[in-house]
Amino acid sequence: MTDALKPRDAKDVQDAVQWALSEGKTLEVVGRGSKRALGRPSQSDLTLDLSGLSGVTLYEPEELVLSAKAGTPIAEIEALVAERGQQLDFEPMDYGPVLGSDPGSGSLGGALAANLSGPRRIKAGAARDHFLGVSAVSGRGEAFKSGGRVVKNVTGYDLCKLLAGSWGTLAAMIDVTIKTLPRPETEASVVVAGLDDARATQAMAAAMGSSCDVSAAAHLPRNMVVNVGGLYMVEAATVFRLEGVAPSVHHRKAALTALLKPFGSIDQADESHSRTLWRSIRDAKPFWASAVSGEWPLWRVSTAPTRGHELAAMLPQGAQWFYDWAGGLLWIALPPSNDGGAAAIRRAVSKIGGHATLVRAPAAVRAAVEVFELQKGALAGVSKRVKESFDPKGVLNPGRMWAGV
């Protein structure tokens, strides 16, 4: 087992990175470990465990701003802001259950490093859009700060956007600041039953193009619907979420029902069932059961919402999938194979467009295939130069995203 360094404060983090540089060692940067099985297997000498950096350092609900140490459990953050009638609008997914670990075990820093987002992504954006400030230590062993504790940051380089989605390969975050927003008074969901994938895509496009202010749209094929968030149906379900004050939700629900009536039979889910349903979609609950063995590889594919059903039609026999982000995000489980289905997925993505991430597979598969979409051309060059600027010796999470990087 890899030895672990568990810093207690910012100075410990900087000392750990500087020591690794001086000794020629590499570090696996870990928050609370909930996403450790996502990405290429660790190729590091030691683990830099940031879970000891925990606790909220500032929360000003009136200013919609919260700061916390990077290792703070995100479940703790969500509970705190909920007490003040607020929420994290980017609705971060909990990767724990789908990777075979406990729910609620992720950290705030990990959510930002992975640039997480949930069904509200189509309206509110991803984690990077709510990331206001950071203090961190680069792979050079240098401490730096970016952004601040106000919603409107206008000076300097916005390094928060750069660190979001970097998976700990550029810097070890110490303290982060995020934006919080008021939690909607209520929510409800409209359900259209029995649509095939192509027709569901049309329904989602119609809803998103309307004035109903839909905050989430998803399609669950027939084999994905059973007992997902309390939604018991024997047919496929295309679901739409409406959030806001009660009179507005009531009015928009009626308008959306009328708009979608030509597509099929309509049902509705009240606030309680709607919240459970969208939590299940957010956390890819249909694929939790196969997380126990981890044998069925799980892919996350982002593509143009109007073409997601075309990509699904190209998947190999036996594949299972459902759609989020109004058809623009596909969660795909494939039967076990030597390459985890990488060839089939990459072939489909190359024809339809988009990018794919291998979320779950045995370590041997993750070491042999590209887990993240391989960058090419100018983009690969930019990424290489950024990595060299922040971590020229490759100390932090080497090979986590791409081999040799």
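**Notebook: two helices, cysteines, two pockets**

I began at helix α11, where S350 and K351 are exposed on one side. The model is a predicted one.

**Helix α11.** I then looked up the opposite side of α11, which spans residues 342–352. A342, A344, I345, A348, V349 and I352 are buried there. These six cover an arc of only 170° around the axis, so they sit on the same side of α11. An α-helix has 3.6 residues a turn, so residues three or four places apart point the same way. I checked what the buried residues of α11 pack against, and found β15 (298–302), α10 (308–313), β17 (329–333) and β18 (355–360). Just after the helix, G353 has a positive phi of about 100°.

**Helix α2.** I repeated the look-up for α2, residues 74–83, and found I74, I77 and V81 buried. Their arc around the axis is only 55°, which puts them on the same side of α2. The packing partners of these buried residues are β4 (56–60), β5 (65–69), β6 (86–87) and α3 (108–113). Just after α2, G85 takes a positive phi of about 70°.

**Cysteines.** How many disulfides are there? I counted zero, taking a pair of cysteine sulfur atoms within 2.5 Å as the rule. I also looked up the accessibility of two cysteines. C160 is buried, at a relative accessible area of 0%. C212 is buried too, at 5%.

**Largest pocket.** I noted a volume of about 1,300 Å³ for the largest pocket. Its lining has 46 residues, and G165, S166, Q375, M401 and W402 lie nearest the centre. The elements giving two or more residues to this lining are α5 (159–163), β15, β18 and α13 (377–390). The largest share, eight residues, comes from α13. I recorded the classes of this lining as 23 nonpolar, 12 polar and 11 charged residues. I note that β15 and β18 also appear among the packing partners of the buried residues of α11.

**Second largest pocket.** I went on to the second largest pocket, which holds about 560 Å³ of space. Which residues lie nearest its centre? They are E78, E91, P92, R279 and R282, out of 31 lining residues. At least two lining residues each come from α2, β6, β13 (237–244) and α9 (271–282). I found that α2 gives the most, with six residues. By class, the lining of the second largest pocket has 12 nonpolar, seven polar and 12 charged residues. Helix α2 therefore enters my notes twice: its buried residues pack against β6 among other elements, and α2 and β6 each supply at least two residues of this lining.

Terms used
Residues are numbered from 1 along each chain as its sequence is written. This is a predicted model: local features need pLDDT of at least 70, side-chain atom pairs count only at pLDDT 80 or more; totals for chains, interfaces and linings use all residues. Side-chain values use heavy atoms; hydrogens and water are left out. Buried means under 20% relative accessible area, exposed over 50%, partly exposed in between (1.4 Å probe, protein chains only). Helices (H or I, at least four residues) and strands (E, at least two) are DSSP runs, numbered from the N terminus. The arc is that of the directions from the helix axis to the C-beta atoms. Contact means heavy atoms within 4.5 Å. On a 1 Å grid over the protein atoms alone, a cavity is a set of points where a 1.4 Å probe fits but cannot get out, and a pocket is an open set with protein on both sides within 12 Å along at least five of seven lines; lining residues have an atom within 4 Å of a point. Grid points are joined across faces, edges and corners, and a volume is the space filled by probe spheres set on the points. Ala, Val, Leu, Ile, Met, Phe, Trp, Tyr, Cys and Pro count as nonpolar, Asp, Glu, Lys and Arg as charged, and the others, Gly among them, as polar.
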